[in-house]
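Thanks for making time this morning. Please bring the sequence and the model up on your screens, and I will walk you through the parts I have prepared.

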Amino acid sequence: MKQFIKALIITAMAAFTGAAFMGCATSPDSRSPGSSAAGSPSSESGRAPADAGTDRTYTVGIGQFASHGSLDNCRQGFLLGLAEEGITEGQNLIVLYENSQADGAIASQIAVNFASRNTDLICAIATPMAQSAYAVGRKQDIPVIYTAVTDPIAAKLAGADGSPVGEITGTSDKLPVKEQLMMIRTLLPDAKTIGILFTTSETNSLSSIEEYKAAAYEYGFQILDTGISTAADIPLAADSLLEKADCLTNLTDNTVVASLPVILDKAAKKNIPVFGSEMEQVKIGCLAAMGLDYIDLGRQTGKMAAAVLKGEKKASEMNFQVIEEAAFYCNTKAAENLGITIPQELASSAKELFTEIPQ
């Protein structure tokens, strides 16, 4: 009887807390279609104990650093992974979604916003968002599960052995650099230089550049890299790099990838191939990529988040995970425009071939 009365009191307090925060609604422009309003009473009920089971509604804040296909796929996969573990939006899951549009200051504001709304967990998509979420989450006792973080160790989100630095873990989209270089060499047997644009403030890009430079010699390439600070720097930087490089390859650099249509347009005018780092970049016009399936990456992340929400594991008990398998993606229309023939052994191994370039 006492437990029953106690439960009634807790329920009443939760309802009062939800009403108190109704004025803190998120701007509609910052939410994805179908996302729950941050200011709804049910989303403000406060965090319940992690081991409260699946008969309750969870509130999860999804912070995405930028708008482009691979990160969108991560978000989609994350929700699929949660659903496969019995946590489904519209049933027992309320999603608060915010996108910082590649602005680090906004990423920090989003993390603070999620904390103020008593989210049970923050899903951080991409390195800058993960760093912002952890800076807030560790002070507010909110677990953070990240995805699309290329190098969690360099980003100081994990120890040297891959172990979490706190209640934070997730999945890495570490690039299969050697496989990418081998593919480029197969498609461009006479190429000598590979150009790479990268954002100087993104730790994932810095570590990837070093990995490319260390491996390039083995495949007979020289890496020409050009750093940028903001998207506004990309047109001039791309022009300069295209004057010197035989081809370009992309990293998982969020600022650069968000401006990929500009780069592809400039490269096409000079008949220079651009290689992607994942499927979505090939779909919009890159020649090819040895890359990851970001929906699969997000799904894996969602399953990790579900374990934390259901109290099966703490984030601090799970090392970050990496999808090891890279697949070949190719845009045959881009190859045709460039006058490049795709060898049969590569074409037959492709996970997906795209036959057009969106206008």
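**Burial, pairing and charge in a predicted model**

Let me begin with V177, which is buried, with a relative accessible area of 1%; buried here means under 20% relative accessible area, exposed means over 50%, and partly exposed is in between, with a 1.4 Å probe and protein chains only. Before going further I should say that this is a predicted model, in which local features need pLDDT of at least 70 and side-chain atom pairs count only at pLDDT 80 or more, while totals for chains, interfaces and linings use all residues. Residues are numbered from 1 along each chain as its sequence is written, and side-chain values use heavy atoms, with hydrogens and water left out.

V177 has its place in helix α5, where helices are DSSP runs of H or I with at least four residues, strands are runs of E with at least two, and both are numbered from the N terminus. From V177 to A214 the C-alpha to C-alpha distance is 10.0 Å, although 37 residues separate the two in sequence.

A salt bridge spans the same number of residues, 37, between K174 in the loop between β5 (168-172) and α5 (177-187) and E211 in helix α6 (residues 203-216), so this pair ties together parts that are apart in sequence. The two side chains meet at 2.9 Å, N to O, the criterion for a salt bridge being a side-chain nitrogen of Lys or Arg within 4 Å of a carboxyl oxygen of Asp or Glu. K174 is partly exposed at a relative accessible area of 38%, and E211 is also partly exposed, at 29%.

Now to the sheet. Six strands form an open sheet in the order β2-β1-β3-β4-β5-β11, with parallel pairing, and two strands are taken to pair if DSSP finds at least two bridges between them. The edge strands are β2 and β11 (321-322), each of which pairs on one side only. Further inside the order, strand β3 (residues 121-125) and strand β4 (residues 144-147) run parallel and are joined by four bridges, with I122 standing opposite V144 in β4.

What, then, is the burial of strand β2, residues 93-99? Seven of its seven residues are buried, and the strand is mostly covered. L93, V95, Y97 and N99 point one way from β2, while I94, L96 and E98 point the other way, and all of these are buried. Strand β1 (residues 58-64) runs parallel to β2 and is joined to it by seven bridges, and V60 stands opposite V95 in β2. Between these two strands the chain passes through helix α2 (residues 69-84), in a β-α-β crossover that is right-handed, meaning that, with the strands pointing away from the viewer, the path from the first strand over the helix to the second runs clockwise.

Y97 brings us to R75, which lies over the face of the Y97 ring, at 4.3 Å from the ring centre; a charge sits over a ring if NZ of Lys or CZ of Arg is within 6 Å of the ring centre and within 35 degrees of the ring normal. R75 also meets D72 in a salt bridge of 3.4 Å, N to O, and both residues lie in helix α2, three residues apart, or about one turn of the helix. R75 is buried at 16% relative accessible area, whereas D72 is partly exposed at 30%. Elsewhere, the charged end of R185 sits over the ring of F221, 3.9 Å from its centre.

The structure holds 16 salt bridges, and one joins D293 to K351, with the closest N and O atoms 3.3 Å apart. In addition, E84, E85, D296, R299, K303, K310 and E312 are linked in a network of salt bridges.

I will finish with the largest nonpolar core, which has 53 residues, those with the most contacts inside it being I62, F78, L82, L121, Y146 and L157; such a core is a set of buried Ala, Val, Leu, Ile, Met, Phe, Trp, Tyr and Cys residues joined through side-chain atoms within 4.5 Å. Two or more residues come from each of β1, α2, β2, α3 (104-116), β3, α4 (127-140), β4 and α11, and the largest share, seven residues, comes from α11.
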